[in-house]
Amino acid sequence: MNPNAFGPPSVQQQQQQQQQYPPNWQPQQQPPPAQIGLPPSAAPPTTMQAINPGIPPPTISQPQGGMLNGNYQQQLSTSMGGLTVNPLKQQQQLISSPGNVSFSNANPITSPQIQSGPPLTQTNTQLPNGPPAQQQQHFPPNLQPPQQPQQQMQPTVLSGPPSNNNNYGAAAFANGQNIKSPTPSMYPPTQIGGPQIGTPAIGQAIPGGPNQMTINSANLPGLPHMPPPKPTASPFMAPSPGPPPVNNATSPLPPGGPQQPYAPQQMLARPGPMPTNPQTQQLPPAMMSAPPSSMGGPPSMSGPTLTNSAMSGPNMSGISQLPRMPPMPGQPPNAMPGYLPQQPVGFPPQPAGYPPQQPMGYPPQQPGVFPPQQPGGYPNQMLPPQPGFNQPPGPAGQYQPQPTPQVQRRLDPDQMPNPIQVMTENQRIAGGAFVTNQPGLLPPLVTTQYLVQDQGNSSPRFLRSSMYSVPATADTLKTTALPFTLIVSPYAHVNEGEYEPPIVDCGSLGPIRCNRCKAYMSPNMQFLDGGRRFQCLMCKVTTEVPTEYFAHLDHTGQRVDKYERYELVLGSYEFLATRDYCRNNTPPEIPAFIFVIDVSYNTIKSGLVHLLCSQIKQILKHLPVDQGQDKSLMRVGFITYNSTVHFYNIKSTLAQPQMLVVGDVQDMFMPLLDGFLCHPEESEAIIDALMDQIPKMFIDTKETETILYPAIQAGLEALKASNCAGKLLVFNSSLPIAEAPGKLKNRDDRKLLGTDKEKTVLTPQCQSYNNLGQECVQHGCSVDLFLFNNSYIDIATIGQVSRLTGGEVYKYTYFQAENDDKRLIEDIIKNISRPIAFDAVMRVRTSAGIRPTDFYGHFFMTNTTDVELASIDASKSIAIEIKHDDKLPPEENVYLQIALLYTSCSGQRRLRILNLALLATTTLADIFKSCDLDAIMLFFAKQACVKLYELTPKVVKENLINRSAQILACYRKHCTSPTSAGQLILPECLKLLPLYVSCLLKNDAISGGSDMTLDDRSYVMQFVLAMDLNMSVTYLYPRFIPIHNVESDENGIPMSIRCTHEKMAQDGAYILENGVYLFIWLGQSLPQSFIQPLFGVQCTQQVNAERFAITGDTPLAGRVRDIIEMIMAERSRYMRVTCVRQNDKLESVFRHYLIEDRGTDGSASYLDFLCHMHKEIKDLVS
C-alpha cells in the first residue's frame, strides 16, 4: 500500500464512514466479586447476568497495584471467556487471597484437589498464604534461584468460560509489586484459560516454564470510532464442517433465554436497574466513553457459535463480522424473541423520532434483562461433571457451584495474546543485564532494553538463533516443523554501556585455528597435555599449540593467561588479518565513497541536484570513524551522468576542479588515474568549488533519456583503478532507455500483482544488472540506489545490483526538494555514518552433525559455503538455515562460529568472530520453551520473499499457514496434557505466532496487489530481504502511539497500544510507524487545547495535511516534535511524515496498517485468523 498513490474513497467506504457509534456511551457499573470467607450461600455464581439486580452483591477488597503481570494463568482466568471448554473440567470453590499480601520465595502451595480422574484444565485456585499456582521467580543470570520442585510448562490456553474458581483478589509477589486483579465486569468477559496441568503425552518431562505475562489492555486508551469495511469473502472465514452454528442474533429462543434441559439450576435476572457498587474503581477519563466491548460490556450475540467441533470466526464489536444466518420466518432481523428492542441500561436517551440505537453487534435488550449464561459449556457440548456423576464429593462444608444456562458470548480481542503485553512483560523480566556465560540461554526480546555482558557467547545483537535447545535428530526437528535458523548481523550497533568487539593482534603468527575444520580460537577450545595441544569442540580434532602462543595450565585445566586473552573469554572479538587473508596477498587501500549523480532534466527540475550540491559539505562531516581512530580516513569521489558520464578531478593541489567526459558509454573506462579519490578535508576548497559549479553547468539541460548501467560501471572502474573497495551512492531519476548497455523496456503492468503471473514482472527483465552486480562483488564495490521516480523505473531489474553487492534501495517517488529535503539528507547521513565493513567474506562453521544449507539476504555466493559481501553495515542481516546431516549427542553442546573477513573503513584487514553455544535435546518441550519468535518470523519473511520469485503467491501463503499450524499442532499433541480438542493451547514463546503470521500474510511484500505499483512491490520485497531484526519487528507489527495525552514535562517515547481501530478515539491523536512510513492521525474531535499549541489553528479541519508541520512554539509542541525525532533516530531511514485527518481520503491507506483489523482487501482480522489456525490445528491433531 503506497501512501503516495491514492484516490478518492470508494462509495462503500463513504457509506461505512457514516456509521458512527453512539457519541456518549457511558461505562456500566460493575458488580464486585465475592468476599473471602463468605458462607457458601453467598458465593456469587459465575454468570454475572444471573445476579439478582435488586440486591447489591457482596464485595471484596482488591489489592492495589499498577500494571498486571505475574501469573498469567490466574489473571487471565478472571478476565476471559472462551472459545470452548473442557467438558471434564471440574467446578471449584472461589478461594481468594487477601489483598496486599506478599509471598516469600517458598515452594508454591498448590490448590486442594476436589476431583480425581483426568487432570484439570485450569488450576486457578490460590491459597491465602501461598504464591499463585505455577508461579516462577526470575533472577539475574548470575544468581541462582532457590531450589523448587520441577514445574509444568505454562502454555497459553484459549479455553472455556470461567467457573467459580477464579481468583479476583490476587496477592502481591515477592518482588514487591502488587498484582491488581482485572476488574470484574457486569457481563462475563471472554477468557483465555490458564495453563494445562498434567502429564504430557509420550512420557516427556516438561520443565518449568518462564513466568506468564498479562496486561489488562482495557487500561489502554481505546474507543472504536472507525467502522470496519463490510464483510467480504475470506478463506479464513469459511464455515467449519459439522452442524450449522447457532446464530444468537437470529435464532428463535423462548422467552427468558435458551433452554438447557440438563442444567440442574437456572437463575434468571429480574427486570430493573443493574446493581451499582459504591466502591467501584473510578475509571480514567480516557475510558469513560468506551463502549461495552472494551469494558467487558454485553457480548455480541451475532455470528456463529464457537463450539468444540470447530472454531468459526469470532465476533467483536468494531471488527467486521461473519455473514449472519437469515432471520426466522415472522421475525425481524437481529431480533431475539423475548427481548424487546428498548434503550440499553446506562446509555443516553435517543433523540425523539429515531428508532432505538444499539451498539454495533449487540442484540436489542430489555432494561435489566440479560441472557442467562452457562459457565461450562455451549450448545452440543457436555456439561462439566456434577456431584454424583463419577466425581467424589468435595471437602466437608465446601460449596459445590451449580451451572446456570448460558448463550454464546463473543471473543474479547483485548484478552487475546498481543505484542504490547509480551514486550512489556519481557522488559520487566529480562530487562537489565544479559550475561552470556551459559550455553542455550534464551536472550531478551529484540524490543527489550537490555545490556549485554559478553562472557563466552556472542551478543544477540550480532547473532540470534531461532532455538536455543536444538533437536538431536533431523526427525525431531521435522516433527516440530520449527526452522533452525541463525539471524546474523555481524556489524550491528552496540548499545551505550556495551563494548565493541576488541581487536586481537597475534602478529606474524596470525589467528590460531583448528587444523581440520579451520575454526578460529575461541572459549570453546579445550587445552590438553599441559597446554601443548587444544581440542576443537566442533570437529573433536586436536591441534598443536604454536610455541609463540603456548601457556601453562592451572590446576583447573585452564590457561594461566586465559583472562588476558579476549579470544579465550569473549564470544565476539576480532583478529588482525595477515597478508594471507588479503587480495593478492597485498594489504588493502583505504575504502572510498563515490557519489554518482543523475544531472538530467528531471533531477534539475525537482531541485535534487541543487539540494545535493548544497548539502555535500554537511554530509561529508559524517563519514564513518574506525575503532581506535579519532577521525575518518575514508576518501570520496564524484561522477555525474545523463546520456554521457563525467568524472571530476578534485586533487587538493589544483586551483579548480577538472571535468573529464566519457562519451563512449558502450566501452566504459577510467580516464583519470590521480586526483579522483581524495580526502574531503584535504580537498575541501576544491569540493566546495565543484559543488557550486555542477548546478550551473547543467541548469539548462534538456536531457530526458538517461543511462544507468554505464554510470555504475564508471564507479566500478574508478575503484578498480584505485585498487580499493568502496561504495557507490547512485542517484537516479528515470528508467534507463537511452541507447547504452543496460537499456530497459517499460513493462509496467500492475494488474499482474497478486496473480499467478506476478513473478514475470517481479523478476529481472534481463541479466545485465545481475552480471554487473557479480562483477562489482569481485572487486569489493557495493551499490546503493537512491531512486527519484515519477513513473515506472523497474526496481525488479536495476535493484539486482544492490541485492548482489550487499547494498540497498531508497525510493523517493514524486520527489520535491522543498518537501523531501530533510528526509533525503538524513537518509544519506545515516547511510554513510553507520558502522560498515567492505569487501567481506562470511563463513559459518558448526558442530559435526549439522551444517548451513540455505542463505537469505543481500549477498552473492559462488559456492555453497562462502557468503560474499561487497559491504555489510549495521542495518543488514542474513538469515541462515541449519539442517542435520547426522545425530547430535544429547549430552553435548552444539557450537556455532561465524567468521567475517573484511576491510575496515580505515583500510585494515580483519576477522570478526562470533561464537554461540546451544544445547542439544531430545525433549520436544525443551525445544518449544527455547524458541525466539522474532528470529523465526524474520526467517519466514525473507524466505517467503525469495520463494515469490519461484512460486505463486497463493502457494507461498498456504505454505506459511500450514507450517505455522504444524508447529502449534506438534506442541498441542506432544507437549500438553490430554484435554478437550476445543481448546487452543499456545506455547509461551510462540503465543504470538498466529498474530505475526497474520501480519506477514498481510504485508505488502507478500500480498501486495494491484493497489500498489510494481516498483513499490519490488522495493518492499528487497527491503525485507535486507532488513535486520530491529526493523523487522516494527515492520511486521507497526508501532501505534497515542500522543493526545502526553505531558510536556515527560521524556521518552510513550507506551504503544495495540494496532487496531478499536483503540482509537475521535478526540485522539496517534502516531503509526513501521520503519518505512510514519502517519500522524488526528481525530475530528481533538480539543482545541491540543490543536492550538501544536498547529496554531482552532480545529483538526484547519490543519494543513499536505504540508504538515508542527509550527507551535509551546512545550507541548516541543514534546511531540521530540517524540517524532526519537522515533526517527531509532530507524535506519528517515521516514516521510504523512498527516491523516479523520475521514480524509488518505484514511484508507492509514487503515491498511492497522494490522489487527480486517484488511481493506478483505484479508482476515487477527481473531478471524486465530480461529482459522485453531481449526487447522484441530484437523492436524485429530
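**Exercises: cysteines and a four-stranded sheet**

Cys-975 is buried, with a relative accessible area of 4%. The exercises below use this predicted model.

**Exercise 1.** How many disulfides does the structure hold? Work through Cys-975 and Cys-1059.

*Solution.*
1. A disulfide is a covalent bond between the sulfur atoms of two cysteines.
2. The cut-off needed here is a sulfur pair within 2.5 Å.
3. For Cys-975, the closest cysteine sulfur belongs to Cys-970; the two sulfurs are 5.9 Å apart, too far for a bond.
4. For Cys-1059, the closest cysteine sulfur is that of Cys-999, at 7.9 Å, which is also too far for a bond.
5. The count for the structure is zero disulfides.

**Exercise 2.** Is Cys-1059 buried or exposed?

*Solution.*
1. The limit for buried is under 20% relative accessible area.
2. Cys-1059 has a value of 0%, so Cys-1059 is buried.

**Exercise 3.** In what order do the four strands of the open sheet stand, and which of them are at the edges?

*Solution.*
1. The order is E4-E6-E22-E20, with antiparallel pairing.
2. E4 (463-465) and E20 (850-856) each have a single partner strand, so one side of each has no neighbour in the sheet, and these two stand at the edges.
3. On average, neighbouring strands of this sheet are turned by 25° against each other, direction ignored.

**Exercise 4.** Over how many bridges do E20 and E22 pair, and which residue of E22 stands opposite Tyr-856?

*Solution.*
1. Strand E22 covers residues 878-884, and its antiparallel pairing with E20 runs over six bridges.
2. The residue opposite Tyr-856 is Ala-879 in E22.

How values were computed: Residues are numbered from 1 along each chain as its sequence is written. This is a predicted model: local features need pLDDT of at least 70, side-chain atom pairs count only at pLDDT 80 or more; totals for chains, interfaces and linings use all residues. Side-chain values use heavy atoms; hydrogens and water are left out. Buried means under 20% relative accessible area, exposed over 50%, partly exposed in between (1.4 Å probe, protein chains only). Two strands pair if DSSP finds at least two bridges between them. Axes are lines fitted to C-alpha atoms, for helices over the stretch in contact, and angles run from 0 to 180 degrees between N-to-C directions.
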